[in-house]
Number of protein chains: 4
Amino acid sequence: MARVAILGATGYTALELLKILARHPDSEITALTTRQDGKPPISSIHPSLTGLVSVCCENLTADQVGQRADIVFCALPHTASMEAVPQLLDAGCRVIDLSADYRLTDPGVYEHWYGHVHTDPTRLVTAVYGLPEIYGSKIPDAVLVANPGCYTSTSILALAPLLAEKLIEPDGIIIDAKSGISGAGRTPKLANLFSECNESVTAYSIGNHRHTPEIEQVLSDVAQSPISVAFNPHLMPMDRGILCSIYPRLKSDKSVSELLAVYRDFYAGQPFMRIVDHIPATKDVAHTNFCDITVRMNRNQLVIFAAIDNLIKGASGVAIQNMNLMLGLDQRTGMLMC
Amino acid sequence: MARVAILGATGYTALELLKILARHPDSEITALTTRQDGKPPISSIHPSLTGLVSVCCENLTADQVGQRADIVFCALPHTASMEAVPQLLDAGCRVIDLSADYRLTDPGVYEHWYGHVHTDPTRLVTAVYGLPEIYGSKIPDAVLVANPGCYTSTSILALAPLLAEKLIEPDGIIIDAKSGISGAGRTPKLANLFSECNESVTAYSIGNHRHTPEIEQVLSDVAQSPISVAFNPHLMPMDRGILCSIYPRLKSDKSVSELLAVYRDFYAGQPFMRIVDHIPATKDVAHTNFCDITVRMNRNQLVIFAAIDNLIKGASGVAIQNMNLMLGLDQRTGMLMC
Amino acid sequence: MARVAILGATGYTALELLKILARHPDSEITALTTRQDGKPPISSIHPSLTGLVSVCCENLTADQVGQRADIVFCALPHTASMEAVPQLLDAGCRVIDLSADYRLTDPGVYEHWYGHVHTDPTRLVTAVYGLPEIYGSKIPDAVLVANPGCYTSTSILALAPLLAEKLIEPDGIIIDAKSGISGAGRTPKLANLFSECNESVTAYSIGNHRHTPEIEQVLSDVAQSPISVAFNPHLMPMDRGILCSIYPRLKSDKSVSELLAVYRDFYAGQPFMRIVDHIPATKDVAHTNFCDITVRMNRNQLVIFAAIDNLIKGASGVAIQNMNLMLGLDQRTGMLMC
Amino acid sequence: MARVAILGATGYTALELLKILARHPDSEITALTTRQDGKPPISSIHPSLTGLVSVCCENLTADQVGQRADIVFCALPHTASMEAVPQLLDAGCRVIDLSADYRLTDPGVYEHWYGHVHTDPTRLVTAVYGLPEIYGSKIPDAVLVANPGCYTSTSILALAPLLAEKLIEPDGIIIDAKSGISGAGRTPKLANLFSECNESVTAYSIGNHRHTPEIEQVLSDVAQSPISVAFNPHLMPMDRGILCSIYPRLKSDKSVSELLAVYRDFYAGQPFMRIVDHIPATKDVAHTNFCDITVRMNRNQLVIFAAIDNLIKGASGVAIQNMNLMLGLDQRTGMLMC
């Protein structure tokens with residue numbers, strides 16, 4: 001029975017972690033933290049957990065958490081994570097960090113995109129990027145897993161097979177990503193108000209979204225050569241779900257069925273990857289850890305469609321997948337599918 | 001050509017005022033205020049106004065506004081209004097106040113429900129309550145109009161005919177009100193985030209919603225005897241619209257057609273009141289100044305349904321209706337219907 | 001391992017049944033029916049089931065189903081159910097009927113509200129009404145369970161404790177019910193189109209909704225005296241969830257805490273009932289089998305709030321709860337909470 | 001005062017036409033048709049028109065309509081239009097056809113994409129394509145205007161300036177289009193049910209959407225050379241609005257400001273085109289006839305964003321714009337902006 005803690009328990013990713021952990025047979029929640037005073041029961045912050053999780057939130061230091069937990073999910077904002085993680089590791093915990101702080105291997109790239117000097121640069125090279133379908137062999141022994149971004153996972157899973165097989169050009173890849181609003185987090189901001197988002201679709205952060213270098217880093221590693229993408233995120237008036245419509249250039253003619261076969265080979269045995277014939281809808285994967293992918297040819301233009309639930313496969317579900325691998329469990333443990 | 005100003009131009013009610021004023025033939029926008037620095041064009045705050053309204057927002061005092069405008073829409077929060085309004089009136093403006101500050105005639109009631117001492121109590125008795133279907137004769141000469149609350153207007157319009165005719169009991173009136181989220185305003189708050197409101201319905205402020213005394217004050221005036229209501233507001237996952245389902249007790253048996261006839265008589269000649277045979281949907285009145293009303297009998301229980309657009313008939317549309325009356329214009333001037 | 005079939009596998013309730021059954025440890029899906037030709041895999045009808053349920057739909061007779069299954073969920077429209085159920089029972093199956101055909105004990109009441117003569121009237125008195133929190137003791141031995149309507153369950157669970165304790169008047173109970181659109185089913189109809197429902201709230205079937213006699217029958221049984229309700233259903237622009245706001249008259253003064261204590265006593269030991277202090281939101285119970293209830297006093301008017309997921313606790317979750325009881329399993333088996 | 005008729009008055013585009021016509025000062029609605037029997041008042045079909053439009057729907061032939069109207073909006077399905085239009089023209093009407101029947105100049109292309117032989121092929125070359133910003137000079141004298149498709153208008157308006165100036169390559173243009181559900185019409189279909197569309201995003205008709213040849217025909221005309229596009233439509237969970245994110249290849253380096261200047265020149269004097277610096281949201285143009293456009297560079301990839309309201313600028317607003325031009329009126333007559 002693994003003792004599990006969550007640092008930063010008030011957000012949407014923490015809520016999804018808690019829902020999965022509440023039914024996970026081999027783990028026990030031993031600490032939840034918040035900067036709020038008092039010891040509010042977690043159900044006062046997330047009423048849906050009433051009767052399911054009875055742990056209280058506490059204003060604990062990383063050290064205090066380290067003494068109570070074997071595995072810590074760090075759901076803090078970036079920069080806060082790289083303060084807490086060294087202490088957690090020193091205390092003997094294994095850490096799954098849901099922030100961006102340990103995803104990029106190059107501290108200069110981090111500084112460029114996040115505007116902060118990285119204060120723990122040596123760990124950037126030892127942290128394991130927590131996308132099990134790509135780095136599954138490294139996760140079981142990891143002490144620090146950098147849990148991927150939601151857009152990032154979708155984009156990487158959609159492109160990795162074709163890049164690994166060198167079927168598409170390494171540059172000029174256009175990603176048109178469509179996300180529900182929960183990806184923006186639970187901090188009150190004008191842009192995330194219901195009356196701003198509802199009945200509206202728009203794009204944002206064109207050319208400067210921070211998931212861009214993460215996508216390129218992992219895909220370059222998969223392709224063993226530099227990959228560049230034009231990543232274009234859009235907001236959809238819905239709670240959850242990401243659909244990426246991706247437009248790469250094929251190196252040579254391939255049929256849809258040949259391409260689907262490449263995907264099915266690449267992801268053989270992966271329990272959460274579904275290579276489908278129909279075009280996936282985000283609703284098909286909502287509240288699950290699945291990633292649904294298909295491809296189409298549109299007048300010589302290849303189009304890849306990949307759909308996930310941004311809070312599950314894009315954050316908390318893959319985090320539990322990582323935990324399961326770190327604990328030597330079946331990846332599916334605690335997931336809805338099993 | 002009336003010179004018109006809006007104090008507090010960044011919210012949703014101001015946006016709707018601006019949309020109507022942009023097509024209003026007999027008025028000209030001469031000042032818009034905000035507490036932001038600089039002189040941002042209003043279209044940078046409300047992009048939908050690009051090309052329609054080219055006025056900039058300024059950080060003006062009430063006095064400065066008073067020199068530029070004949071009519072001022074005061075769209076400030078409560079307590080801020082009662083600071084600004086006296087200065088505006090002193091400067092010779094006529095004021096339509098969209099806050100709650102001048103709606104209640106009794107300063108003690110104001111203090112009880114709003115938690116602040118009223119600093120301009122003498123004007124409470126001279127301000128005209130700006131619901132033209134009830135107080136239409138007083139509005140043309142008013143210098144200070146207290147524009148009604150959105151739930152309030154719906155509830156009053158739904159109940160006034162039956163109370164005026166003494167067809168229902170004066171107490172035990174249950175109002176189950178359902179509102180879109182825009183009624184909560186444009187200030188970032190956790191409760192108004194898309195991911196909190198979407199796919200969810202709940203109730204709030206049961207027993208202590210501030211529109212309660214306003215409803216009771218006006219209905220008591222209409223009925224010429226004390227009226228009490230149990231007002232129960234609910235939030236719906238939509239931008240705009242209020243549906244009130246109201247459950248009064250009939251004093252004696254009446255048929256649906258007799259009751260509808262009472263409404264049609266009471267509102268004869270009112271251009272924005274539609275007494276309909278079907279049950280209204282909020283979508284029927286969205287983006288209009290209409291109030292649609294019908295009644296049903298459900299096993300001896302009378303049910304009144306009334307629907308408005310909370311931002312138009314519930315705020316900015318009725319404010320323009322008031323302005324039109326104050327200027328001696330047809331009530332419908334600038335409205336979508338004409 | 002119980003062999004389980006679903007008659008009518010293409011609707012939303014069947015989808016939710018399938019999701020729960022896919023993770024249920026003690027049952028096995030052995031037949032799914034549809035009137036479509038061919039043998040379409042269920043994942044072609046419900047793409048979200050890809051990789052989870054590999055059974056095909058077949059155009060089977062009730063007899064054929066009867067030979068393959070121990071427990072049959074009958075998710076057919078009313079009147080179709082009362083044709084199929086006798087055959088299923090004759091074939092030795094135990095049946096959980098999700099239609100309305102076996103909910104009302106009086107065939108005359110059925111005929112009045114449904115406009116059809118009941119063709120299997122003798123079984124109306126032997127069928128068990130499948131609301132475990134009320135009739136839990138009768139379900140384990142039942143061969144035919146009439147699964148309740150969604151509005152019905154919410155209303156009954158909200159009112160039963162106070163009626164059982166005779167704390168409220170038996171008549172004049174006003175139920176203002178708010179439901180997501182999935183309750184209207186998956187048959188294409190103008191009224192259920194996205195562009196009709198979205199951004200709109202309305203009421204329907206006032207005075208003639210078919211869940212009315214069902215609510216009254218069960219509550220009269222609980223109260224051991226005739227109960228009448230004015231049931232007022234409303235449609236909300238969301239997928240799933242019901243919130244009932246209920247306005248009964250208290251016989252004598254009670255405080256909120258006294259009333260909550262009554263509920264907590266009445267539902268002691270019930271794993272899916274959560275008596276909460278806050279006002280529940282439908283989002284709190286979405287995708288779960290929970291029913292969240294609280295009460296408030298609003299100027300001497302008692303208000304009860306009860307929230308469920310209409311597809312889970314209002315249909316498929318309670319059906320599985322019934323199956324679990326019939327199989328001697330823990331009620332929570334297969335449910336998300338355990 | 002022009003006498004105006006609408007053939008096919010029950011759909012969403014007819015509703016929007018009626019709303020604009022209700023406030024249009026120089027036209028009068030003289031006939032509305034439906035295939036329903038009786039003479040239902042239009043407000044029984046569109047309750048929002050109660051009190052605004054009092055005309056009844058009639059089951060009229062094209063000839064009968066022709067005798068009552070000077071201008072006919074034909075809002076029939078394709079193939080039904082090409083039966084009615086010749087009769088309307090013979091009766092002396094001028095016709096604005098909102099179907100696809102007269103949009104494509106080549107009857108072979110029509111047959112290929114629509115699967116029907118065109119029965120009125122000679123008029124394909126005389127019909128004027130009703131996009132005033134492109135073919136404005138031809139519309140005043142037209143007797144038959146083919147009103148454009150909604151995706152088509154957005155795509156053409158976004159690409160025409162750059163193609164006219166030969167700044168982008170003529171092939172390999174990727175259009176990722178995002179539309180609200182009202183574009184799918186008011187006919188009940190499973191795919192358009194609220195519970196299917198809500199909380200979901202997906203793509204459809206990849207490679208075979210019928211707006212593709214329309215986009216290519218007009219853009220080829222603008223560019224005076226063959227243009228090909230990969231058009232990828234997606235459905236968004238909202239009522240109305242289209243955002244096209246378009247990815248062409250620049251022939252040579254241009255800055256964002258140089259490109260915006262090209263757009264501003266091209267659309268100088270066009271009252272409904274807004275070239276903006278911010279990324280437009282569909283909400284900015286909802287319920288208006290505006291088209292908002294901007295451009296961005298994303299790592300050497302040009303991205304064009306264009307937003308319209310699919311029912312107004314994408315259908316009924318542009319139809320009124322066409323009518324205004326045909327009647328010699330200001331294009332803005334009856335529109336919300338003026």
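A residue is called buried if 20 or more other C-beta atoms lie within 10 Å of its own, exposed if 12 or fewer do, and partly exposed in between, with C-beta atoms placed from the backbone. The model is predicted: local features need pLDDT of at least 70, side-chain atom pairs count only at pLDDT 80 or more, and totals for chains, interfaces and linings use all residues. Residues are numbered from 1 along each chain as its sequence is written, and chains are lettered from A and ligands numbered from 1 in the order in which they are written.

**View 1. B:Glu199, a loop residue of chain B with a positive phi.** B:Glu199 is buried, because 24 other C-beta atoms lie within 10 Å. The loop that holds B:Glu199 runs between helix H8 (194-197) and strand S9 (202-203) of chain B; helices (H or I, at least four residues) and strands (E, at least two) are DSSP runs, numbered from the N terminus. Phi of B:Glu199 is near 55 degrees, and the residue is not a glycine. Most residues other than glycine have a negative phi.

**View 2. C:Lys166, a loop residue of chain C.** C:Lys166 sits between helix H7 (150-164) and S8 of chain C. Its phi is positive, about 55 degrees, although C:Lys166 is not a glycine. With 12 other C-beta atoms within 10 Å, C:Lys166 is exposed.

**View 3. B:Lys138 in the loop between helix H6 (132-135) and strand S7 (144-146) of chain B.** B:Lys138 has 14 other C-beta atoms within 10 Å and is therefore partly exposed. B:Leu325 is 187 residues away along the chain, yet the C-alpha atoms of B:Lys138 and B:Leu325 are separated by 9.5 Å.

**View 4. C:Asp37 in the loop between strand S2 (27-33) and helix H2 (42-45) of chain C.** C:Asp37 is exposed, as 8 other C-beta atoms lie within 10 Å. The C-alpha atoms of C:Asp37 and C:Ile246 are 45 Å apart, with these positions 209 residues apart along the chain.

**View 5. Helices H7 and H10 of chain B.** Helix H7 (residues 150-164) and helix H10 (residues 256-266) of chain B pack at about 100 degrees, with axes 9 Å apart. Axes are lines fitted to C-alpha atoms, for helices over the stretch in contact, and angles run from 0 to 180 degrees between N-to-C directions. H7(B) is thus roughly perpendicular to H10(B), a term for angles of 65 to 115 degrees; those under 35 count as roughly parallel, those over 145 as roughly antiparallel and the rest as oblique. B:Ala160, B:Pro161, B:Leu162 and B:Ala164 of H7(B) meet B:Val262, B:Tyr263 and B:Phe266 of H10(B). Two residues are in contact if their C-beta atoms, placed from the backbone, lie within 7 Å. The contact of H7(B) with H10(B) has seven nonpolar residues, no polar and no charged. Ala, Val, Leu, Ile, Met, Phe, Trp, Tyr, Cys and Pro count as nonpolar, Asp, Glu, Lys and Arg as charged, and the others, Gly among them, as polar.

**View 6. Helices H7 and H10 of chain D.** The axes of helix H7 (residues 150-164) and helix H10 (residues 256-266) of chain D come within 9 Å and cross at roughly 100 degrees. H7(D) and H10(D) are therefore roughly perpendicular to each other. From H7(D) the contact takes D:Ala160, D:Pro161, D:Leu162 and D:Ala164, and from H10(D) it takes D:Val262, D:Tyr263 and D:Phe266.

**View 7. The contact between chain A and chain D.** Each of the two chains supplies 36 residues. On the side of chain A that touches chain D, the elements that supply at least two residues each include strand S8 (173-179), strand S10 (229-235), helix H11 (282-285) and strand S14 (301-308). This side has 18 nonpolar, 11 polar and seven charged residues. Of the interface residues of chain A, 100% are also interface residues in chain D, so the copies meet through the same surface. A rotation of 180 degrees with 0.0 Å of shift along its axis superposes chain A on chain D (RMSD 0.0 Å); the two copies are thus related as by a two-fold rotation axis. The superposition is by least squares on the C-alpha atoms of residues with pLDDT of at least 70 in both copies.

**View 8. The contact between chain C and chain B.** Chain C gives 36 residues and chain B gives 36 residues. The side of chain C that touches chain B has 18 nonpolar, 11 polar and seven charged residues. A turn of 180 degrees and a shift of 0.0 Å along the axis lay chain C on chain B with an RMSD of 0.0 Å.
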